[in-house]
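This report looks at where nonpolar residues are packed away and where they reach the surface. The sequence and the coordinates come first.

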Amino acid sequence: MHFAEPLHLASGAQLRDYTLVYETYGTLNAARDNAVLVCHALNASHHVAGLSPQGDAGWWDNLVGPGKPLDTTRFFVIGVNNPGSCFGSTGPASPNPDPAAEGRAYGADFPVVTVEDWVDAQARLVARLGITRLAGVVGGSLGGMQALAWTLRFPERVAHCVAVATAPNLSAQNIAFNEVARRAIATDPDFHAGHYGAHGVIPRRGLRVARMIGHITYLSDDSMEARFGRATRAADEDPDGPPFAYTTQDIEFQVESYLRYQGDKFSEYFDANTYLLITRALDYFDPARVHGGDLSAAFEIARDCRFLVVSFTTDWRFAPQRSREIVKALVDNRAEVSYAEIDAPHGHDAFLLEDPRYHGVMRAYFENMAREIEARPTAASEVRYAT
Amino acid sequence: MSERADLEIIASLVPQGARVLDLGCGNGELLAHLREHRGCTGYGIELADEGVLASTRRGVNVIQLNLEEGLALFDDRSFDVVLQLDTLQHLRNTERMLRETARVGRIGIVSFPNFAHWPNRVSVALGRMPVTRTLPYEWYDTPNIRVGTHADFEVLARKNGLHILESFGLQKGRVVRHLPNLRASMAVFKFERT
């Protein structure tokens with residue numbers, strides 16, 4: 001979907017003439033009140049569910065689809081790729097409309113975007129689809145921040161917010177991890193201050209290391225131990241041979257092999273400038289800041305929205321304590337909120353996995369939402385008589 | 001039917017339209033009842049996954065939390081009524097929890113198994129720990145780590161500066177006001193902070 005009117009960004013800059021790619025699943029009902037927006041996290045896209053033409057399953061396919069917890073036979077589900085990303089919406093790899101750029105890609109000149117900027121962009125797309133009020137907005141991690149930001153920016157345009165494995169802002173430790181990832185990219189000799197496209201190269205080494213450090217923080221200590229332990233490549237290849245290859249440069253432990261594989265895979269499809277932008281958007285998110293750090297004051301405007309907050313006990317990147325801060329702010333405002341703290345072993349990644357307790361609560365919550373919508377007198381008849 | 005009757009008796013202690021916090025809300029049945037019949041709002045607190053799921057299914061606001069960690073989530077007197085039904089006996093720090101209940105709510109309503117109910121007394125007199133409908137566990141597998149009596153609670157309430165507004169026993173779905181410490185398997189107290 002193309003937008004000719006500029007998007008004004010938190011930085012003061014504006015995004016001119018941009019495109020957002022999106023997918024929808026299910027059918028928008030006559031009353032146009034069964035739409036649920038799914039917000040994506042760092043490396044995901046608008047392809048939420050089902051199979052792409054290339055045969056790739058959507059990133060939240062275990063949650064979204066016919067008969068799944070977010071049931072697309074009852075809801076109209078929307079996935080949008082955020083501006084600044086690298087999966088089809090306007091981003092650093094898109095042509096810079098500034099005449100001085102002479103048709104070159106934005107590269108490092110793509111404006112810095114925030115969670116709130118994304119929500120503004122999504123809101124325009126939702127309005128274009130003829131939806132005045134979303135039944136719900138759902139997201140995990142950075143997507144959860146967008147879901148929360150919806151209730152703060154457009155509280156009258158969203159009924160329910162489902163925020164999974166997220167936080168009201170990043171801790172210093174979280175920002176530190178992001179900074180290590182950014183420095184890995186920015187110090188890659190192929191980075192060229194973000195204009196690697198003009199040089200015909202990709203800072204793959206930086207991207208690999210960025211993904212490796214990120215990946216470590218998405219897993220729990222226990223899940224890594226269970227999966228890899230101290231298993232070595234040498235022992236796995238020849239149990240009777242020497243235990244180690246005695247090398248400092250090559251892969252010795254299986255966990256190294258796994259991280260390198262993840263890094264390699266990521267560097268093939270993800271854009272380096274996008275990684276910098278998205279980690280920065282994470283860093284900036286802090287709705288309490290303009291209220292002197294008072295999160296309860298920040299959520300006062302959202303008190304009529306209804307919330308489901310979910311965290312995972314072994315998630316140390318967005319720990320349950322951070323979700324409880326959100327719950328407390330909502331309780332202080334007497335907002336309707338339920339909170340599930342799922343005892344899952346998988347760390348931050350748990351929000352993308354299928355856990356019966358987690359999906360059970362999600363299914364129950366969405367089912368109540370669907371029942372509520374279906375119990376309403378349909379606006380279809382009103383529409384018929386109004387015209 | 002006595003469980004349903006107990007629920008309705010407890011619900012009748014809650015004022016119309018009250019803002020309620022139900023500590024150990026289980027499957028959310030009472031909160032749903034209070035919402036539908038008495039126009040109440042509020043939250044349930046539940047630790048068990050199955051309780052959180054059942055409450056969510058009912059559309060009751062439920063917050064998954066371990067009560068042993070206290071009620072830091074809630075400000076002083078932020079609820080009209082704090083309910084703590086059949087829960088107190090499972091908590092290690094009973095007294096602190098009682099104080100927290102009184103801090104967060106204007107009114108507290110507590111129920112727990114009365115160990116001084118006469119069949120329990122008979123059982124102990126005969127040398128064995130009681131196993132009854134209200135106390136269905138053997139001494140070695142009971143989750144009831146704090147067993148007390150109707151009379152004991154009066155002492156604890158007084159010690160913590162709580163003013164008892166109403167107290168009675170529950171036996172087979174009936175209110176017992178005469179000699180509840182002897183004649184009722186459950187004790188019920190409604191109190192406020194003095």
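The sections below cover the basis of the values, the nonpolar cores, one buried residue, one helix and one surface patch.

## Basis of the values

The model is a predicted one, in which local features need pLDDT of at least 70 and side-chain atom pairs count only at pLDDT 80 or more, whereas totals for chains, interfaces and linings use all residues. Residues are numbered from 1 along each chain as its sequence is written, chains are lettered from A and ligands numbered from 1 in the order in which they are written, and side-chain values use heavy atoms, with hydrogens and water left out.

## Nonpolar cores

The largest nonpolar core (buried Ala, Val, Leu, Ile, Met, Phe, Trp, Tyr and Cys residues joined through side-chain atoms within 4.5 Å) holds 162 residues, of which A:Ile78 and B:Phe74 touch the most other members. Buried here stands for under 20% relative accessible area, exposed for over 50%, and partly exposed for values in between, with a 1.4 Å probe and protein chains only. Helix 12 (residues 356–375) of chain A gives the most to this core, namely nine residues; helices (H or I, at least four residues) and strands (E, at least two) are DSSP runs numbered from the N terminus. Another core, of five residues, lies apart from it and includes A:Met224, A:Phe228, A:Tyr258 and A:Leu259.

Setting aside residues up to four places away in sequence, B:Phe74 touches A:Val331 as well as residues of chain B, among them B:Leu21, B:Tyr43, B:Ile63 and B:Phe79, where contact means heavy atoms within 4.5 Å.

## A buried residue in chain A

A:Phe3, found in strand 1 (residues 2–3) of chain A, counts as buried because its relative accessible area is 0%. Beyond its neighbours within four places in sequence, A:Phe3 is in contact with A:Asp17, A:Tyr18, A:Leu20, A:Arg124, A:Leu125 and A:Arg128.

## Helix 6 of chain B

Helix 6 (residues 150–159) of chain B has B:His150, B:Phe153 and B:Ala157 as its buried residues. They lie on the same side of the helix, because they cover an arc of only 55 degrees around the axis, taken from the directions from the helix axis to the C-beta atoms. The face turned away from this buried side carries the exposed residues B:Arg158 and B:Lys159.

The buried residues pack against helix 4 (94–104), strand 5 (105–113), strand 6 (162–171), helix 7 and strand 8 (186–193) of chain B. Just after helix 6, B:Gly161 takes a positive phi of about 65 degrees.

## Around helix 7 of chain B

B:Leu182 lies in helix 7 (residues 180–183) of chain B and, at 32% relative accessibility, counts as partly exposed.
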